[in-house]
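Dear colleague,

I am handing over a structure for you to look at alongside your own calculations. Please open it first, and then read the notes underneath.

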2 protein chains.
Amino acid sequence: MRKSIAIDMDGVIADEVVQLLTWYERHYGLKIHPNELSGRSEDEVVPEKDAYTKFTKMAGFFRTMPLMPGAVESVKKLSAQYDIYIVSAAMQYPHSLSEKREWLGANFPFISWRNIIFCGDKSIIGTDYMIDDHIKNLDYFKGKTIMFHAFHNVNHNHHTRVNNWDEVLTLMDSGF
Amino acid sequence: MRKSIAIDMDGVIADEVVQLLTWYERHYGLKIHPNELSGRSEDEVVPEKDAYTKFTKMAGFFRTMPLMPGAVESVKKLSAQYDIYIVSAAMQYPHSLSEKREWLGANFPFISWRNIIFCGDKSIIGTDYMIDDHIKNLDYFKGKTIMFHAFHNVNHNHHTRVNNWDEVLTLMDSGF
């Protein structure tokens, strides 16, 4: 039987950091390099703590999110062997729902609507694997966990870390 | 540990049949009584097969869906004892996403965004119980299943049937 993988959106297939910093520079006039964020918590990404929440309510923030390098090709490769589910904790941001659905349709047309899940808490997701950048999602998952590298998880090492999509493919090929 | 219940929206907490027949009469001028539907498949509800799909794309169809009698009070009672997740196969109808989120906020304000899931295929939902009117969702569920009565499931009897929300409470109280 084919095994299943739950794949997160923001920070895993969508480059949320690049988007946030681009919009931050556009709206606040201050340029921050992604490398400066390493080890910070998500609340400390930019000086104005409400900037992210503000952007999530603005049209286009989720719909124009850049792709994480290699995400499309890698998810396509994995989908030949695994049942892929895109699982995003989108419910916290009601405005994001239709934009995230549109973004997936445009960038991952090979993922069926049957395999898309927008949720809040991910603890009820019952796939075999989960690829996510958030400890809060991975810690409560019952299957095998893969932690996608992000500035906010650099000090956590109790999940198998991958730094990019090439490393995901290598790990899955190894029979993890 | 508290057990968890996945509760479907359309046909379980939202009265999809009443809404469909009301909109059908408004747009096509033909009145159909809900009792006439018993045993029909979902494709045969109204003579015009594309009516439902048409309505799902129209503003307000999901946002103004009537409540199933007793749903709010019963889900509130269950939430004292169980972790409740509202799980809707909304992804097939992208237009429904924001309206369904809005409807839940208005009618079930005590359900946190953390406990709402909009998905396609429900087979990856890993709760202890599932209350749903669709065989296709219940058949692939790994936990205990409760089939909410609907015109399209009257000829299926391989899941525990409940006819209304009072029966759900009685069943759960019995230690099912």
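The notes below take the domains of one chain and then the relation between the two chains.

Please keep in mind throughout that this is a predicted model. The domain assignment splits chain A into domain 1, which covers 4–15 + 65–173, and domain 2, which covers 16–56. Taken over C-alpha atoms, the centres of domain 1 of chain A and domain 2 of chain A lie 21 Å apart.

Where these two domains of chain A meet, 13 residues of domain 1 are in contact with 13 residues of domain 2, and the area buried between them comes to about 1100 Å², with carbon and sulfur atoms giving 60% of it. On the side of domain 1 of chain A, the residues that lose the most area to domain 2 are A:D15, A:Y93 and A:F151, which together account for 52% of what that side buries.

As for polar interactions, the count of salt bridges between domain 1 of chain A and domain 2 of chain A is zero, whereas six residue pairs in polar contact are found across that interface. The residues of domain 1 of chain A that touch domain 2 of chain A comprise six nonpolar, five polar and two charged.

Turning to the two chains, chain A is superposed on chain B by a rotation of 180° with 0.0 Å of shift along its axis, at an RMSD of 0.0 Å, and this is the relation of a two-fold axis. The same surface serves both copies, since 100% of the contact residues of chain A recur in chain B.

With best regards

Terms used. Residues numbered from 1 in each chain as written. Chains lettered and ligands numbered in written order. Predicted model: local features only at pLDDT ≥ 70, side-chain atom pairs only at ≥ 80, totals over all residues. Heavy atoms only, no water. Domains from an automatic or database assignment. Contact = heavy atoms within 4.5 Å. Buried area = accessible area lost by both parts, 1.4 Å probe. Salt bridge = Lys/Arg side-chain N within 4 Å of Asp/Glu carboxyl O. Polar contact = N/O pair within 3.5 Å; in protein donor to acceptor, adjacent residues only side chain to side chain. Nonpolar A, V, L, I, M, F, W, Y, C, P; charged D, E, K, R; others polar. Least-squares fit on C-alpha atoms with pLDDT ≥ 70 in both.
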